[in-house]
Amino acid sequence: MSVPAEAIATLVDELREFLGDRVSTAAAVCEQHGRDESYHETAPPDIVVFPESTEEVAQVVSLCARHRCPMIPFGTGTSLEGHVQALHGGVSIDVSGMNEILEVNAEDLDCRIQPGVRRKQLNEHLRDTGLFFPIDPGADASLGGMTATRASGTNAVRYGTMRENVLGLTVVMADGRVVRTGGRARKSAAGYDLTRLFVGSEGTLGVITEIRLRLYGIPEAMSAAVCSFDTLAGAVDTVIQTIQCGVPVARIELLDEVQMDAINRYSGLGYPATPTLFFEFHGSEQGVHEQVETVGALAAENTGGEFRWATRPEERSRLWQARHDAYYAALALRPGAQGWATDVCVPISNLAECILETRADIDASGLLAPIVGHVGDGNFHLAFILDPDDAGELARAEAVNERMVARALDMGGTCTGEHGIGYGKIGFLNREHGEGVSVMRSIKRALDPGNLMNPGKILP
């Protein structure tokens with residue numbers, strides 16, 4: 001599918017006619033846009049463009065379609081399954097310059113933004129309105145990228161994922177048409193739900209250029225706590241019982257003993273290096289007190305110790321920053337090593353079995369792979385810390401990952417709770433969805449018959 005050099009040269013000239021110096025073919029720029037945070041190899045595009053409006057994106061897409069040139073949307077490059085790699089060359093459409101917050105409707109609890117707006121930027125803008133946007137995948141990702149990968153994160157147990165919080169989109173289709181989906185009404189029965197079609201499509205159906213998001217009021221009280229456990233099983237059982245009891249906890253994060261040792265060293269914390277839960281409670285003062293009493297009692301019955309509190313904003317920020325830095329903390333355990341992050345998600349009733357069997361499998365393999373997870377919704381992650389020159393280690397990691405995914409699917413789960421498919425997990429999609437993959441392929445062919453939108457991702 002690679003585009004001939006003469007066609008690339010012509011396309012560069014045509015793009016520069018309306019984008020000027022916001023077109024780059026510099027090797028360093030292309031290299032940067034050919035990789036994400038994953039272990040997958042770099043695959044640079046031929047051209048990088050930096051549009052600043054829906055109209056400019058539509059012009060770029062129309063030109064690429066005319067030259068049959070692949071297009072890869074790019075936000076901040078924090079994805080984890082090779083989503084932004086230009087597997088067939090082409091044009092990387094970097095929307096980071098489209099970073100305006102277009103409107104905030106405080107009374108209706110919604111806003112409209114461009115895709116390059118970052119999560120922290122939006123919440124800083126909202127601070128004086130008493131509102132916030134809760135989806136927090138850890139990285140300060142672009143909200144366009146979070147929409148395209150159906151991101152979730154630490155708050156998903158209470159506030160849901162991007163799927164539940166995107167109200168509408170503006171999308172440039174593969175032929176340059178501009179489509180607007182959804183609206184400001186909180187419900188609609190008008191036609192197909194196109195918004196949900198594009199949320200999680202990973203840039204394979206179009207380029208997202210505007211997003212309308214649901215907002216929430218900042219809770220009256222917010223308290224975070226850390227609880228250490230004697231056993232991994234006790235920590236996981238506490239999570240399951242908390243959810244089954246209907247406690248509206250905002251965050252429940254699990255870190256096994258390997259991960260706790262890593263973040264203690266990396267972030268200068270002093271917690272026991274044992275299986276640990278990080279909690280955050282939102283609500284009224286009385287509501288938070290009741291949640292804490294219930295969860296504390298459950299933890300005590302499952303080998304949990306006393307809660308250690310972080311109530312001041314700066315204390316909570318430090319705690320959650322340490323959690324978000326878990327991947328880098330794991331890498332620091334083995335300087336010079338390479339990280340391979342992967343995830344699965346299972347029904348909450350199967351969580352303990354899945355995590356414990358996976359931990360036993362890791363230990364038997366002799367690999368270094370901390371477990372951390374948004375376990376309130378059944379989602380957990382591994383970070384294999386590998387010697388990049390040791391083919392045997394990589395083979396063992398691949399085998400552990402294959403068995404973990406198979407285990408999750410056998411339990412009615414999914415091969416990825418939030419990382420997405422990209423091209424790293426294409427091999428698992430048929431087993432999970434069966435004939436549904438042929439339906440996905442039919443949709444792809446109908447909307448992108450030339451296979452120009454992020455080719456090689458989700459579907460082979």
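Q: Taking it that two strands pair if DSSP finds at least two bridges between them, how many bridges join strand 2 to strand 4?
A: Three bridges join strand 2 (residues 47-49) to strand 4 (residues 91-94), and the two run parallel; one bridge pairs Val-48 with Ser-92 of strand 4. Strands (E, at least two residues) and helices (H or I, at least four) are DSSP runs, numbered from the N terminus. This is a predicted model, in which local features need pLDDT of at least 70 and side-chain atom pairs count only at pLDDT 80 or more, while totals for chains, interfaces and linings use all residues. Residues are numbered from 1 along each chain as its sequence is written, and side-chain values use heavy atoms, with hydrogens and water left out.

Q: OK, and what order do the strands of the sheet come in?
A: Four strands form an open sheet with mixed pairing, in the order 1-2-4-3. Its edges are strand 1 (23-24) and strand 3 (71-74), each of which pairs on one side only.

Q: Which strands does helix 1 touch, then?
A: Helix 1 packs on the sheet and touches strand 1, strand 2 and strand 4, where contact means heavy atoms within 4.5 Å. The direction of helix 1 makes about 15 degrees with that of strand 2, given that axes are lines fitted to C-alpha atoms, for helices over the stretch in contact, and that angles run from 0 to 180 degrees between N-to-C directions. Helix 3, for its part, lies across strand 2, strand 3 and strand 4, at about 170 degrees to strand 4.

Q: How are helix 1 and helix 3 oriented, parallel or antiparallel?
A: Helix 1 (residues 5-19) and helix 3 (residues 54-66) pack at about 165 degrees, with their axes 11 Å apart, and they are therefore roughly antiparallel (angles over 145 degrees). The contact includes Leu-11 and Phe-18 of helix 1, and Val-60 and Leu-63 of helix 3. By class, this contact has seven nonpolar (Ala, Val, Leu, Ile, Met, Phe, Trp, Tyr, Cys and Pro), three charged (Asp, Glu, Lys and Arg) and one polar residue (the others, Gly among them).

Q: Changing topic: is Ser-365 buried or exposed?
A: Ser-365, which sits in helix 14 (residues 351-365), counts as buried because its relative accessibility is 13%; buried means under 20% relative accessible area, exposed over 50%, and partly exposed in between (1.4 Å probe, protein chains only). Leaving aside residues up to four places away in sequence, Ser-365 touches Arg-396 and Val-400.

Q: And where is Ala-233 found?
A: Ala-233 belongs to helix 9 (residues 232-244) and, at 27% relative accessibility, counts as partly exposed.

Technical notes:
Angles under 35 degrees count as roughly parallel, over 145 as roughly antiparallel, 65 to 115 as roughly perpendicular and the rest as oblique. Two strands pair if DSSP finds at least two bridges between them.
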